[in-house]
Amino acid sequence: MKLFTGSSSSNNNNHHSDGGHSIDEVNILYHTLIDNEREKLRRERDQFEKEKAIFEMYYQKIQKFHSCETVQLNIGGKKFCTTFETLKRHRDTFFSAMFSGYIPVKPNKEGAYFIDRDGTHFHYILNYLRTGELILPKNKPHLVRMLLLEAEFYQITDLIIELQTGNKAQPANQNTQPSSAFLESTILPHDKPEFSEKLNEWAGCVADQRWKLIYRGTRDTFQSEIFHQKCDNQGATYTIVKSGPSIFGGYNPVSWSSQTGYSNGRDSFLFSLVSILFTISLNKVATK
């Protein structure tokens, strides 16, 4: 094929003869073909990356399910199957304590852990532990009441708040600043620093006195010997307890001791957080 023939005179600027293509035209067609192939390869690459991302997502999910140890629950005669990871996903709950490894619990002969509660609506509880979402049929207030009783028994605080108020519980670090006095506590409401200040006032401390966490039941077990190993001879202590939505505790100005007998603490007292129409107040009761 003849690409270019003819003279270089000014009267022959089209650079072609005998129907042949000019070099400029050949170059344009060549680059156009290359650009089309590049665009095609780019689309194929993008599609491959999308499919790869989808594959990896499902791979991770499948691996997660296969690597998690399953557990059978018998709730009042109804059987449920889930994973230990799901049951322990929310901190400081009945299940996180039950399966912490510190409490000696064993399955029955059928391989299931029996819990003497009504299992009729437990699937709502289990799905909440799995997804963090509460999905209920509309216009069934009795169901909300029943679930609230179960949530309080299992001590799932976020679910309790959502059932009581209709709103999802906000993460502790969202729009709130943790109380510096009881920074390590997972029980006291960190968005209300006045509680920490009041507890310090009652203990005769400055308002910003800091308290170090030395014992947590769901972390350290509820065994008395572990309690004394961590708490004996530590000086004055606050004990803070959560049971369902209720928070209470006491102040002990005298060091805990494993020795048999009693010690007198004139400045000891009990306290409770009382919720009335979602307005929380702090009450103090002196001990004798």
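In the predicted model, Phe-95 touches Leu-73, Leu-87, Lys-88, Ile-115, Phe-122, Leu-129 and Tyr-154, with residues up to four places away in sequence left out of the list. Phe-95 belongs to the largest nonpolar core, which has 27 residues. It is one of the members that touch the most others. Leu-73, Leu-87, Phe-99, Phe-122, Tyr-154 and Leu-159 complete that group. Two strands and five helices are named as giving two or more residues each to this core: strand 1, strand 3, helix 2 (84-87), helix 3 (94-98), helix 4 (122-131), helix 5 (141-154) and helix 6 (157-165). Helix 4 gives the largest share, six residues. A second core lies apart from this one. It holds 15 residues, including Leu-199, Ala-203, Phe-269 and Phe-271.

Strand 1 pairs with two other strands. Strand 1 spans residues 70-75 and runs antiparallel to strand 2, residues 78-83. Six bridges join the two. Ile-75 has Lys-78 of strand 2 as its bridge partner. These strands form a hairpin with two residues between them. In this hairpin, Gly-76 adopts a positive phi near 60°.

The pairing of strand 1 with strand 3 is parallel. Strand 3 covers residues 112-115, and four bridges link it to strand 1. Here Asn-74 is bridged to Phe-114 of strand 3. Strand 1 thus takes part in an antiparallel pairing and a parallel one, and it also gives residues to the largest core.

Key
Residues numbered from 1 in each chain as written. Predicted model: local features only at pLDDT ≥ 70, side-chain atom pairs only at ≥ 80, totals over all residues. Heavy atoms only, no water. Pairing = 2+ DSSP bridges. Core = buried A, V, L, I, M, F, W, Y, C linked by side-chain atoms within 4.5 Å. Buried < 20%, exposed > 50% of the residue type's maximum accessible area, 1.4 Å probe, protein only. Contact = heavy atoms within 4.5 Å.
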